[in-house]
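The following paragraphs lead through the structure shown here, beginning with the protein as a whole and ending with one pair of packed elements.

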Amino acid sequence: MEVTTLNDIEIILASSSKINTVDFENLTFGNVFTDHMLICDFKEGSWQKPRIQPYAPFTIDPSAKVFHYGQAIFEGMKAYKDSDDAVWLFRPEENFDRFNKSATRMAMPEVPEAVFMDGLKKLVQIDKEWVKKGKGNTLYIRPFMIATGHGVIAAPSQEYRFMIILSPARSYYSGEVKVLIAEHFSRAANGGIGAAKAAGNYSAQFYPTKLANEKGFQQIIWTDDATHTKLEEAGTMNVFFRINDTLYTAPTSERILDGVTRKSVIDLARRENINVEVCPVLVEELITAARNGSLKEIFGAGTAAVINPIVGFSYKDEYFELPKIEQSMAVDLKDKLTNIQYKLAEDTFGWTVKV
């Protein structure tokens, strides 16, 4: 392995690449990882020198607080390659800002911008051959931080590890999505950690989602914890409702994640002169719209799938099928957004950042 130091990042390159062993036409999302990863440790009250090294397992103390008290946060973002082989990130500053908001909420140290952004760009540069050209091909980027300090006393860790790993991905499509509107379970509560990308938020969803799967639904539309009357998120995504020609989505709060794709969809829709209302959306309003035919579309918005149309929903054991729409806002907005990400259309917002 070759060891170099550049821009205060220690770089240890893999002696050979495993890229030729990967079938890029048949990728399972999030299962294959590139040759390198970034690591930066927090010890004795300060961040240490970051390093990029070959992707590999590492050892950790069994009493590390991540195992016992769940101090773990993450982000999800992507890199894209244009027709000229240039690699681009999409709104990375939004992920960086949200990562540190999550860190603050979980009593974890904020990651310096130089470590996050410079480390990310250098890592993507090193593994840029893993970013394939063509719409639908991306490099999924997973920054995360865990508590590595040892000891089982219920208190914040004194040591942490920040890492970034990369995974090549194809178009994310899970087939037709039918959802169940939550009547009992909640994704998050006021005063809780719902607005943070904390690992525990997602593991807490697995059981109610499993119950929904057993009933033939792929995801849950979460409702507010207090009354279960307000529609908030769909699975791990923000959710939009098209009633007539207006898009509705819930405002962000302590319970709702401030999604990068969500805010991009809002800005893009408004640029296209689509009326967007950011306001509480009630279950009863959705049912009424479904009954009178004014409900045209529901779709989730998130990094992995970008936009995922929903074909129907169930509430109190009554199922509502959505109409087939020729002029789908979901399809049109996804196309316009991905064209910006792949540099196939002008980025009038200044969202894309060259690596």
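Of the 355 residues in the protein, 52% are buried. The structure under discussion is a predicted model. Its accessible surface amounts to about 16400 Å², of which carbon and sulfur atoms supply 50%.

The overall dimensions can be considered next. The C-alpha trace spans about 65 × 55 × 35 Å along the principal axes of the protein. In terms of secondary structure, the protein contains seven helices and 22 strands. Its radius of gyration is 21 Å, and the globule rule gives 20 Å for 355 residues; because the two values are close, the protein is as compact as a globular protein of that length. The contacts with a separation of 6 or more add a view of the fold along the sequence: 70% of them join residues 24 or more positions apart.

One helix pair deserves a detailed description. Two packed helices are described by the angle between their axes and by the distance between those axes. For helix 5 (residues 260-271) and helix 7 (residues 329-341), the axes come within 10 Å and cross at roughly 105°. Since angles of 65 to 115 degrees count as roughly perpendicular, helix 5 is therefore roughly perpendicular to helix 7.

Which residues of helix 5 and helix 7 meet? Helix 5 contributes Thr261, Ser264, Val265, Leu268, Ala269 and Arg271, while helix 7 contributes Leu333, Lys336, Leu337 and Ile340. By chemical class, the residues of this contact between helix 5 and helix 7 divide into six nonpolar, two polar and two charged.

Note on methods: Residues are numbered from 1 along each chain as its sequence is written. This is a predicted model: local features need pLDDT of at least 70, side-chain atom pairs count only at pLDDT 80 or more; totals for chains, interfaces and linings use all residues. Side-chain values use heavy atoms; hydrogens and water are left out. Axes are lines fitted to C-alpha atoms, for helices over the stretch in contact, and angles run from 0 to 180 degrees between N-to-C directions. Helices (H or I, at least four residues) and strands (E, at least two) are DSSP runs, numbered from the N terminus. Angles under 35 degrees count as roughly parallel, over 145 as roughly antiparallel, 65 to 115 as roughly perpendicular and the rest as oblique. Contact means heavy atoms within 4.5 Å. Ala, Val, Leu, Ile, Met, Phe, Trp, Tyr, Cys and Pro count as nonpolar, Asp, Glu, Lys and Arg as charged, and the others, Gly among them, as polar. The radius of gyration is taken over C-alpha atoms; the globule rule is 2.2 Å times the number of residues to the power 0.38. Buried means under 20% relative accessible area, exposed over 50%, partly exposed in between (1.4 Å probe, protein chains only). Accessible areas come from the Shrake-Rupley method with a 1.4 Å probe; for residues, only the protein chains shown count as cover.
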